[in-house]
Amino acid sequence: AKQEKAQGSSDYFLDSADRIHFFTEVGAAAADGVGLRPSYRSRKAEALNKVGHALHLRDAVFRGYSNSAKLRELVGALGWVSP
């Protein structure tokens, strides 16, 4: 809830709909907003919360995966009608 509230009011989050953006765990970003806090620099995988939004639009490799028959079959097998 705390992170959702922060993301909802963040220009970085709100402006990310048509771009590829990286989001960190709460407290992982450096105080100046550039880079990671020292305690996360050697644990980058733990600092990353999500990579988002326009991957399927902006990245050819991810677009190919997103539109693949393999993924459509998986989604269908899970019972999703219109993901």
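A residue is termed partly exposed when its relative accessible area lies between the limit for buried, under 20%, and that for exposed, over 50%. In the predicted model examined here, E46 has a relative accessibility of 47% and therefore counts as partly exposed. R43, with a relative accessible area of 31%, belongs to the partly exposed class as well. These two residues form a salt bridge in which the closest N and O atoms are 2.6 Å apart. The structure holds one salt bridge. Side chains of opposite charge can pair when their charged atoms come close.

The strand pairing was examined next. Strand 1 (20–24) and strand 2 (48–53) are paired in the antiparallel sense, with five bridges between them. Within this arrangement, T24 is placed opposite L48 of strand 2. In a regular strand the side chains alternate between the two faces of the sheet. Such alternation is found along strand 1: the side chains of H21 and F23 are directed to one face and are buried, whereas those of I20, F22 and T24 are directed to the other face and are not buried.

A nonpolar patch was also identified on the surface. I20, F22, L48 and V51 make up this patch, which covers about 310 Å². Strand 1 and strand 2 are the elements that contribute two or more residues to the nonpolar patch. V51, located in strand 2, has a relative accessibility of 33% and is therefore classed as partly exposed. The patch members I20 and F22 are among the side chains of strand 1 that point away from the face occupied by H21 and F23.

Methods
Residues numbered from 1 in each chain as written. Predicted model: local features only at pLDDT ≥ 70, side-chain atom pairs only at ≥ 80, totals over all residues. Heavy atoms only, no water. Patch = residues over 30% accessible without salt bridge, like charges linked within 9 Å, V, L, I, M, F, W, Y side chains within 5 Å. Areas by Shrake-Rupley, 256 points an atom, 1.4 Å probe, with all protein chains shown as cover. Salt bridge = Lys/Arg side-chain N within 4 Å of Asp/Glu carboxyl O. Helix = DSSP H or I, 4+ residues; strand = E, 2+ residues; numbered from the N terminus. Buried < 20%, exposed > 50% of the residue type's maximum accessible area, 1.4 Å probe, protein only. Pairing = 2+ DSSP bridges.
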